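Hi,

Here is the structure I promised to pass on. Have a look at it first, and then read my notes underneath.

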Amino acid sequence: MQCLEMGTFVHAVEGEMLCTSVNSDKVPWFNAPIYLQNKSVIGKVDEILGPINEMFFSVKMNEGMVAGSFKTGDKVYIAGDKLFPIDRFLPKPKVAGGENSFLLPSSTTDRFIGITSMASTPQLFW
């Protein structure tokens, strides 16, 4: 198993760890195990917080682990196969039309009227 650095400990909150992500192009899976450098499991991802460019995540601690025992800046790790690419959460550019689209010349102007049947009812766009 390949473990990657996922974040650093910020502080304990209601028995959980709050960590800041150091992996700006990946988002952890919910419930993904979180490890120490020696690959011992300390908990699992509980929540993902903050804006895309400054992501935080909380770790629900395993039994016997105490969030308050960590120091600010302590590193936490995650398995490489438990990460989504950030692109999955970013808006996709809209593409006019699609494979079921065509353009008709408008008789009153020099614009074209587009018709697409990708939805359940055809939609017009200018």
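Below is what I found, going from the strands to the core and then to the surface.

Before anything else, keep in mind that this is a predicted model.

Strand pairing first. I'd start at E6, residues 56-61. Strand E2 (residues 16-21) pairs with E6 in the antiparallel sense, over four bridges. Met17 has Val59 as its bridge partner there. E5 also runs antiparallel to E6, and six bridges join the two. In that pairing, Ile48 is matched with Phe57 of E6. E5 and E6 form a hairpin with six residues between the strands, and Gly50 takes a positive phi near 90 degrees in it.

Now the inside. The largest nonpolar core has 16 residues. Met17, Ile34, Ile42, Phe57, Val59, Met61 and Val76 are the ones with the most contacts inside it. Two or more residues each come from strand E1 (3-13), E2, E5, E6 and strand E7 (75-79). E6 gives the largest share, three residues. This fits the usual picture: in soluble globular proteins, nonpolar side chains tend to be buried together.

Ile42 is worth clicking on. Leaving out residues up to four places away in sequence, Ile42 touches Met17, Ile34, Leu36, Lys60, Met61, Asn62, Met65, Phe70 and Val76. Among the core residues with the most contacts are Met17, Ile34, Met61 and Val76.

Then there is Glu47, which sits in strand E5 (residues 41-49). Is Glu47 buried or exposed? Neither, quite: its relative accessible area is 40%, so Glu47 counts as partly exposed, since that class lies between the 20% and 50% limits. Beyond residues up to four places away in sequence, Glu47 touches Phe30, Phe56, Phe57 and Ser58. The C-alpha atoms of Glu47 and Phe57 are 5.5 Å apart, although the two residues are ten apart along the chain.

Last, the surface. Ile52, Phe89 and Leu90 make a nonpolar patch of about 250 Å². Phe89 is in the loop between strand E8 (83-85) and strand E9 (101-105). Because its relative accessibility is 43%, Phe89 counts as partly exposed.

If you only have a minute, look at E6: this strand pairs with E2, is joined to E5 and gives the largest share of the core.

Cheers

Notes. Residues are numbered from 1 along each chain as its sequence is written. This is a predicted model: local features need pLDDT of at least 70, side-chain atom pairs count only at pLDDT 80 or more; totals for chains, interfaces and linings use all residues. Side-chain values use heavy atoms; hydrogens and water are left out. Buried means under 20% relative accessible area, exposed over 50%, partly exposed in between (1.4 Å probe, protein chains only). Contact means heavy atoms within 4.5 Å. Patches are made of residues with over 30% relative accessible area and no salt bridge: like charges are joined within 9 Å, nonpolar side chains (Val, Leu, Ile, Met, Phe, Trp, Tyr) within 5 Å. Accessible areas come from the Shrake-Rupley method with a 1.4 Å probe; for residues, only the protein chains shown count as cover. A salt bridge is a side-chain nitrogen of Lys or Arg within 4 Å of a carboxyl oxygen of Asp or Glu. Two strands pair if DSSP finds at least two bridges between them. A nonpolar core is a set of buried Ala, Val, Leu, Ile, Met, Phe, Trp, Tyr and Cys residues joined through side-chain atoms within 4.5 Å.
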